[in-house]
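Here is a short tour of one protein model, with the sequence and coordinates to hand. Let us walk through its surface, its helices and its side-chain contacts together.

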Amino acid sequence: MSEERAQWDSSFGFMLAMIGSAVGLGNIWRFPNVLYANGGGSFMVPYVIAIFLLGISFVLVEYALGYRFKSSLSKIIYSIKPKLEPVAWLVLIVVFFILCYYVVVIGWDLIYFLLSFTKAWGSNPNMFFANTVLQSTDSIYGITQFAPWVLISVICVWSVIWFINQRELNSGIGLISRILLPLLFLIVIIIVAFSLTLPGASIGYSQIYTPNWASLLNLDVWLAAFGQIVFSLSLGMAIAITYSSYLPDGAKVTDNAFIVAFSNSGFEVFNAFGVFSILGFMTYTSGIPFNDLVTEGTGLAFIVFPQVFNEMGSLSYLISPLFFLCILFAGITSAIALVEPIASSISEKFDISRRKSASLVCGAGFLVSLIFTTRVGSMILGIADLFLNNYALLLVVFIECIIFGWIYKFDNLIETLNEYSTIKVGKTWKFIIKFILPISILVLWTHGIYTTIETTNFISRVIMIILAILIIVVPFIISKIPAKNKDFYKPIDKG
């Protein structure tokens, strides 16, 4: 490579960056949406199971790979078996498309940060978000019209992401994580505590721990739970592989993995109690049934939090801007984490600097993001989020289980994790990765594809087909381009 490989200044810096890549919009934006759409408590049972079966198990694979190989995903997979290189680029193309719509959600948050100083969303945040911010329409012809404030905010967010990616590892993402994550946690604690005191709060938060047991027979709920864990822990996105490759020697890799996974999941469940308390309050005051409160599903967080800020009085003029500012930077931290594995692989194969490869990713990402800034953008975003997280990423995790569990010598990963870690892994973990996890994912994935074909409308199917074609064709094209870095073809620890 044209640059010396980066390294975290400590394992603590790595853990903060990994938590920062997950905590933020993944917890505060997506988790409440998925929880709300899947019946609250009915979702929590498969969610907890997914944390242990999928979350902890697979994140250990990615941490071990990055720490052992000290390289990018594309070179790791090429080294294991050269013919599998397209798989690495498939993973990275999926990550790229997720990045493109994720930045738009961060743009929504930037808008709300500015609105929060005057609470300009008014007394009906639901209608304000749909009609004023998104200017949303269900007509596909809305793709020819931009939502101006969303477009401007997305330009700003991409500019910030590009700027930070030009900095060194510890002075860029590391510094942001150290300052803003503790502040985010503090503000969320204050908001959740206040939300629990609202009249009717119990109508909402009781939904979280009151499951409809019959719903546990619905495989769609399980698919949503697995998809959420994949998204919130960034599984299959190569973020953990890339970041753990920067760890110094002697790091307790398994210990770090457990801390990051439980911190992330604990935070998003804690935050959900606040969101659902606010929804309970909205039901109590409006008389609208709980399940009919929100019309713009992808933007639930931008409806319920403004609602509680309306009830907080003068204190909200301090808390509200700080809250949206912290979410803004947590989202940007996550976006930077999504850029890193793509840029790292491009840099390593084509022998260009990390800064140039990051600029290339940001430029291409901005162009794709434009489609989500149109008046029909929120509808396309919802479809893309469903397809990429519930189907594309789950398929990626399945393929990686086969590659790393069956083709690569899995015992090497066990050796890597157990070398310095306090928590040891062994045959049980190996059995989960080789058998239980692939079978579980395949069953859910197959069911999800069948259900989607049966239930979605024509436009949704067309968008999903286009995405499927792109994430299959583009990786093969990239893998066929000869590497300019001759070291790319040299094997590294095949095991």
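## A walk from the surface to the interior

Phe435 is found in helix α18. This is a predicted model, and the residue makes a good starting point. With a relative accessible area of 35%, Phe435 is partly exposed. Phe435 also belongs to a nonpolar surface patch of about 770 Å², whose other members include Leu219, Trp406, Phe431 and Val443. Two elements, α16 (377-407) and α18 (427-455), give two or more residues each to this patch. Helix α18 gives the most, with 5 residues.

Let us follow α16 next. This helix bends by about 35 degrees at Leu388. Although α16 contributes to the patch, 23 of its 31 residues are buried, so the rest of the structure largely encloses α16. Within the range of α16 sits Cys401, which is buried at a relative accessible area of 1%.

Cysteines bring up another point. How many disulfides does the structure hold? The count is 0. For Cys362, the reason is distance: the closest cysteine sulfur, in Cys100, is 10 Å from its own sulfur, which is too far for a bond, because a disulfide needs the two sulfur atoms within 2.5 Å. Cys362 is itself buried, at 5% relative accessibility.

Now for the charged side chains. The model has 4 salt bridges, and three of them are set out here.

| Salt bridge | N to O distance |
|---|---|
| Glu85 and Lys349 | 2.7 Å |
| Arg354 and Glu340 | 3.1 Å |
| Lys490 and Asp487 | 3.0 Å |

Take the pair of Glu85 and Lys349, whose side chains meet in a salt bridge. The two residues connect distant parts of the chain, since Glu85 is in helix α5 and Lys349 is in helix α14 (residues 316-350), 264 residues apart. Is this pair buried or exposed? Glu85 is buried, with a relative accessible area of 4%, and Lys349 counts as buried too, at 1% relative accessibility.

Helix α14 takes part in another bridge, between Arg354 and Glu340. Arg354 lies in helix α15 (residues 354-369) and Glu340 in helix α14, so this bridge ties together parts that are 14 residues apart in sequence. Arg354 is buried at a relative accessible area of 17%, below the 20% limit for that class. Glu340 is buried as well, at 3% relative accessibility.

The bridge between Lys490 and Asp487 includes a residue with a different setting: Asp487 counts as partly exposed, at 35% relative accessibility.

A polar contact is also worth a look. Thr254 lies in helix α12 (residues 253-286). The side chain of Thr254 comes within reach of the backbone oxygen of Leu417, at 3.4 Å. Thr254 is buried, with a relative accessible area of 0%.

Finally, we turn to a loop. Where does Gly122 lie? Gly122 is in the loop between α5 (85-115) and α6 (125-133), and α5 is also the helix that holds Glu85. Gly122 is partly exposed, with a relative accessible area of 31%. From C-alpha to C-alpha, Gly122 and Phe163 are 34 Å apart in space, with their positions 41 residues apart in sequence.

Definitions and conventions: Residues numbered from 1 in each chain as written. Predicted model: local features only at pLDDT ≥ 70, side-chain atom pairs only at ≥ 80, totals over all residues. Heavy atoms only, no water. Buried < 20%, exposed > 50% of the residue type's maximum accessible area, 1.4 Å probe, protein only. Patch = residues over 30% accessible without salt bridge, like charges linked within 9 Å, V, L, I, M, F, W, Y side chains within 5 Å. Areas by Shrake-Rupley, 256 points an atom, 1.4 Å probe, with all protein chains shown as cover. Helix = DSSP H or I, 4+ residues; strand = E, 2+ residues; numbered from the N terminus. Bend = angle between axes of the 7 residues up to and from the residue. Polar contact = N/O pair within 3.5 Å; in protein donor to acceptor, adjacent residues only side chain to side chain.
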